[in-house]
Amino acid sequence: MSIIEILFWFLTALALFGALMVVFSKNPVHSVLWLISVFFSISGHYILMNAQFLAIVNMIVYAGAIMVLFLFVIMLMNMNTESEPQKSKWLRIAASLSGGSLMLVLVAALKDTNGKVTGVFKVEGNIGLIKNLGQVLFTDYVLPFEISSVLFLSAMVGAVLLGKKETNSIIS
Amino acid sequence: MPINYYILLSVALFSIGIVGVLTRRNAIIIFMCIEIMLNAVNLLLVAFSKMHHLRALVADRATTVGTDAQLFVFFIMVVAAAEVTVGLAIIVMLYRNIHSVDINFLNRLKH
């Protein structure tokens, strides 16, 4: 078992355990912290696949910005109590069963995939480096890139509009 | 390491996300489970990109096949960041109006 395989299994176990803890922990702050560990392990997977740009972006955007936003909102709402509402037992069992059967169907459909075609772990191939990605991003994908800036602008305006304290509320 | 393992890992993460969406009542936790599902899809996309690239690399040493998938992942992250901003703003607004983020109180559209 090489060091890379050990890393792969460690990151996989961390991602799955973290995702389970996000779902099953009672305290929302703990859920956020476990979600950060999930994102870091997924970044580790990206590094193993030599997609270094995506690994860094995943760490900065997800584990950095988005998770701080989640944590900030949770602390703003003062939800660090353990007294949060639970669904009824039967509903939870039914939900777990349906999720499990979805997983069963997907695994059964995909288990015969030809696994011999790839060595995902080979370090060769430099498409994931920022030189190549930037070149393609600013030539072939320059229009979607610019449009995404418009998307960000509209998201910013929408967030400010929604978060603003209204004097005469539209909702109620 | 075969691609099967990445497929199984992504399927497992996606299913955990779905179970979380179905079992929890806290709107923020549901939102976080949606993020897990997005990340599972991203991981699978990167794995397939790497697989595709390594197969093309045998024929041509200077190929850049597989770059598109990684850029798609980049754009998915961009859209996810915008989505999280607006979604959390909506959740804050709901909290201000009904003083809870329990989705069982959010069934006014039903009546």
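This is a conversation between a biologist who is new to the structure and a modeller who helps with reading it.

Biologist: Before anything else, what kind of model is this?

Modeller: It's a predicted model. Let's start with the chains and then look at how they meet.

Biologist: Fine. How many helices and strands are there in chain A?

Modeller: Chain A has six helices and zero strands, and along the sequence the pattern reads α-α-α-α-α-α. Of its 172 residues, 24% count as buried. For contacts in chain A with a separation of 6 or more, 57% join residues 24 or more positions apart.

Biologist: And how many helices and strands does chain B have?

Modeller: Chain B has three helices and zero strands, so to speak α-α-α when you read along the sequence. Its radius of gyration is 19 Å, well over the 13 Å that the globule rule gives for 111 residues, so chain B is more spread out than a compact globule. The C-alpha trace of chain B spans about 60 × 25 × 20 Å along its principal axes.

Biologist: What share of chain B is buried?

Modeller: Of the 111 residues of chain B, 46% count as buried. As for contacts in chain B with a separation of 6 or more, 52% come from residues 24 or more positions apart.

Biologist: Now the meeting of the two chains. How do people usually give the size of an interface?

Modeller: Often as the accessible area lost when the parts come together. Here we can count residues instead: 74 residues of chain A are in contact with 63 residues of chain B.

Biologist: Which element of chain A gives the most to that side?

Modeller: That's helix 4 of chain A, with eleven residues. The elements giving two or more residues to the side of chain A that touches chain B are helix 1 (3–24), helix 2 (28–48), helix 3 (52–76), helix 4 (89–110), helix 5 (130–137) and helix 6 (142–163). By class, the residues on this side of chain A divide into 47 nonpolar, 20 polar and seven charged.

Biologist: I'd like to look at one pair of helices. What describes two packed helices?

Modeller: The angle between their axes and the distance between the axes. Take helix 3 of chain A and helix 3 (residues 67–98) of chain B: they pack at an angle of about 5 degrees, with axes 11 Å apart. That makes the two helices roughly parallel.

Biologist: Which residues make the contact between them?

Modeller: From helix 3 of chain A, they include Leu54(A), Val57(A), Val61(A) and Leu69(A). Helix 3 of chain B brings, among others, Gln70(B), Val73(B), Phe74(B) and Met77(B). By class, this helix-to-helix contact has 15 nonpolar, two polar and no charged residues.

Biologist: Leu54(A) caught my eye. What does Leu54(A) touch?

Modeller: Not counting residues up to four places away in sequence, Leu54(A) touches Tyr46(A), Gly128(A), Val46(B), Gln70(B), Val73(B) and Phe74(B). You'll meet Leu54(A) again in the largest nonpolar core, which has 59 residues. The members that touch the most others there are Val22(A), Val38(A), Leu54(A), Ile28(B), Met32(B), Ile36(B) and Val46(B).

Biologist: Which elements give two or more residues to this core?

Modeller: Helix 1, helix 2 and helix 3 of chain A do, together with helix 1 (3–23), helix 2 (27–59) and helix 3 of chain B. Helix 2 of chain B gives the most, with 13 residues.

Biologist: Let's pick a residue in helix 2 of chain B, say Leu45(B). What is Leu45(B) in contact with?

Modeller: Leaving aside neighbours within four places in sequence, Leu45(B) is in contact with Ala69(B), Phe72(B) and Val73(B). With 17 C-beta neighbours inside 10 Å, Leu45(B) counts as partly exposed.

Biologist: And Lys131(A), buried or exposed?

Modeller: Exposed, because Lys131(A) has just 9 C-beta neighbours inside 10 Å, and 12 or fewer is the cut-off. Lys131(A) lies in helix 5 of chain A. Lys131(A) and Phe53(A) are 78 residues apart in sequence and 9.4 Å apart in space, C-alpha to C-alpha.

Biologist: One last thing: what is the usual sign of phi?

Modeller: Most residues other than glycine have a negative phi. Asn50(A) has a positive value, near 60 degrees. You'll find Asn50(A) in the loop between helix 2 and helix 3 of chain A, and Asn50(A) is buried, with 20 other C-beta atoms within 10 Å.

Key:
Residues numbered from 1 in each chain as written. Chains lettered and ligands numbered in written order. Predicted model: local features only at pLDDT ≥ 70, side-chain atom pairs only at ≥ 80, totals over all residues. Contact = placed C-beta atoms within 7 Å. Helix = DSSP H or I, 4+ residues; strand = E, 2+ residues; numbered from the N terminus. Nonpolar A, V, L, I, M, F, W, Y, C, P; charged D, E, K, R; others polar. Axes fitted to C-alpha atoms, helices over the stretch in contact; angles between N-to-C directions. Parallel < 35°, antiparallel > 145°, perpendicular 65-115°, else oblique. Core = buried A, V, L, I, M, F, W, Y, C linked by C-beta atoms within 7 Å. Rg over C-alpha atoms; globule rule 2.2 N^0.38 Å.
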